Amino acid sequence: MGLFSKYEEPGKGVPKNPDQKLPFFRFFELYFGHFSKLILLNFIYIICFLPMFAGIIVMQIFISEDSNLYYLAFYLIVALSGIIIGPATCGMAKLSRNMSIEKPTFLWHDFWTAFKSNFKQGAIMGVIDMLFISAVSVSFPMYYNMAASSNIFYVPFAICLICSVIFLMMHFYIYFLIVTTDLGLWKILKNSFLLTAIDIKSSVINLVVTAIVLILVVIFFPYTAILIIILPTFMMFLYAFNCYPVIRKYVIQPYYDERGERNPELDYVDEDGETVFVDAPELEEETPKEKSGGIFPKREASNTSTPRSSGSGKKKKTIR
């Protein structure tokens with residue numbers, strides 16, 4: 001579901017529901033409908049950055065800026081902070097996804113459940129992200145300055161730019177795949193790249209909106225500093241709204257179609273789109289993973305059954 005497109009509807013220009021709002025208006029209806037929760041989620045997410053800021057402050061007190069150790073310590077602190085920031089991003093991704101599909105959410109419970117259950121992959125991905133940011137912050141100015149003396153250095157500069165853009169677009173899917181599937185991290189990265197290419201329209205929309213927001217924040221800084229209490233969850237909610245339907249269409253639904261089973265996600269609504277039950281954290285339970293492998297959907301709510309799989313490969317858990 002792109003922000004400006006309705007490609008999943010049954011026919012060009014023929015809405016399944018005549019009263020259904022356009023995606024642009026639907027997005028803001030959902031966003032402001034969950035606005036208070038998203039603001040609280042944003043504060044929880046920001047708190048997870050405090051260890052990094054504390055480490056940088058301590059470093060500046062005890063290590064001189066003229067020392068080579070200063071930069072080594074700085075980048076080490078930034079990289080290690082990904083161990084917390086990555087799982088926290090998983091928590092934000094899970095809640096943003098649930099709000100975008102109007103699944104009942106329990107802010108504190110769901111955030112820390114996703115933080116703990118996806119800690120390993122989230123921590124690894126968080127460290128990768130922080131290392132990538134550190135590398136880009138060094139390589140861009142370095143190649144740009146070197147290009148002033150020789151045009152040949154515009155080539156590595158362009159390569160860095162292209163890689164950065166692709167890696168950014170992959171992040172429209174990475175953390176949603178982490179909290180939605182039991183795929184290995186390498187397959188998550190591979191699938192994120194493929195999904196970015198498959199639905200390039202949504203990826204470009206997310207990229208353009210992200211670029212516009214970042215440019216405006218930089219131009220009007222420090223007046224835009226107050227937006228820190230809104231922007232992280234706004235961007236994650238935008239990515240969830242645009243990209244989770246792509247994950248559902250190309251990753252989740254094919255599993256059930258192949259086996260002739262009903263997607264448990266559809267159990268949340270009846271044929272008229274009305275919610276048929278309300279989830280609750282005390283009813284959630286983890287389904288043991290099967291040893292047989294396969295893309296194995298995992299249900300957390302105890303009021304529906306969990307389909308079994310007999311295929312080979314990695315396991316997949318449905319929306320939780």
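E29 and R26 sit three residues apart in helix α1 (residues 23–33), a spacing of about one helical turn. Keep that pair in view for the first exercise, and remember that the model is predicted.

**Exercise 1. A pair in α1**

Task: Work out what joins the side chains of E29 and R26, and state whether E29 is buried, partly exposed or exposed.

Solution:
- Step 1. Start with the helix geometry. An α-helix has 3.6 residues a turn, so residues three or four places apart point the same way.
- Step 2. Check the distance: the N-to-O gap between the side chains of E29 and R26 is 2.5 Å, and they form a salt bridge. The cut-off for such a bridge is 4 Å.
- Step 3. Look at accessibility. Buried means under 20% and exposed means over 50%. E29 has 35% relative accessibility, so E29 is partly exposed. R26, at 25%, is partly exposed too.

**Exercise 2. A second partner for R26**

Task: Find which residue E102 bridges to, then say how many salt bridges the model has.

Solution:
- Step 1. Measure from the E102 side chain: its partner is R26, with the closest N and O atoms 2.3 Å apart.
- Step 2. Locate both ends. E102 lies in the loop between α4 (68–100) and α5 (107–117), while R26 is in helix α1, so this bridge links distant parts of the chain, 76 residues apart.
- Step 3. Put the bridges together: through shared partners, R26, E29 and E102 form one network. The count is two salt bridges.
- Step 4. Take a second look at E102. Its relative accessible area is 45%, so E102 is partly exposed. Its backbone is worth a glance as well: phi is positive, about 60°, although E102 is not a glycine.

**Exercise 3. Two helix pairs**

Task: Decide how α7 is oriented relative to α9, and do likewise for α2 and α4.

Solution:
- Step 1. Take helix α7 (residues 154–170) and helix α9 (residues 185–198): their axes come within 8 Å and cross at roughly 100°. Angles of 65 to 115 degrees count as roughly perpendicular, so α7 is roughly perpendicular to α9.
- Step 2. Find the residues that meet. From α7 these are I166, M169 and M170; from α9 they are L189, S192, F193 and T196.
- Step 3. Turn to helix α2 (residues 35–47) and α4, whose axes are 10 Å apart at an angle of about 170°. Angles over 145 degrees count as roughly antiparallel, and α2 and α4 are therefore roughly antiparallel to each other.
- Step 4. Trace that contact: α2 contributes K37, L38, L41 and Y45, and α4 contributes residues including I85, A88, M92 and M99.

**Exercise 4. Inside the fold**

Task: Name the residues with the most contacts inside the largest nonpolar core, and the helix that gives the most to this core.

Solution:
- Step 1. The largest nonpolar core has 61 residues, and those with the most contacts inside it are F111, M125, Y173, I174, I178 and I247.
- Step 2. Helix α11 (residues 231–259) gives the most to this core, with 16 residues.
- Step 3. Recall the background: in soluble globular proteins, nonpolar side chains tend to be buried together.
- Step 4. Now follow α5. Its buried residues are L107, D110, F111, T113, A114 and F115, and they pack against α2, α4 and α6 (119–147).
- Step 5. Finish with S203 in helix α10 (residues 200–219). S203 has 0% relative accessibility, so S203 is buried. Beyond its sequence neighbours up to four places away, S203 touches M169, F172, Y173 and T196.

**Exercise 5. The whole chain**

Task: State how many helices and strands the chain has, and where P222 lies.

Solution:
- Step 1. Count the elements: there are eleven helices and zero strands.
- Step 2. Look at burial and surface. Of the 320 residues, 45% are buried. The chain exposes about 17,000 Å², with carbon and sulfur atoms supplying 69% of that area.
- Step 3. Consider contacts with a separation of 6 or more: residues 24 or more positions apart account for 62% of them.
- Step 4. Go to the loop between α10 and α11, where P222 lies. The peptide bond joining F221 and P222 is cis, with omega about 10°.

Technical notes: Residues are numbered from 1 along each chain as its sequence is written. This is a predicted model: local features need pLDDT of at least 70, side-chain atom pairs count only at pLDDT 80 or more; totals for chains, interfaces and linings use all residues. Side-chain values use heavy atoms; hydrogens and water are left out. Helices (H or I, at least four residues) and strands (E, at least two) are DSSP runs, numbered from the N terminus. Buried means under 20% relative accessible area, exposed over 50%, partly exposed in between (1.4 Å probe, protein chains only). Contact means heavy atoms within 4.5 Å. Accessible areas come from the Shrake-Rupley method with a 1.4 Å probe; for residues, only the protein chains shown count as cover. A nonpolar core is a set of buried Ala, Val, Leu, Ile, Met, Phe, Trp, Tyr and Cys residues joined through side-chain atoms within 4.5 Å. Axes are lines fitted to C-alpha atoms, for helices over the stretch in contact, and angles run from 0 to 180 degrees between N-to-C directions. Angles under 35 degrees count as roughly parallel, over 145 as roughly antiparallel, 65 to 115 as roughly perpendicular and the rest as oblique.
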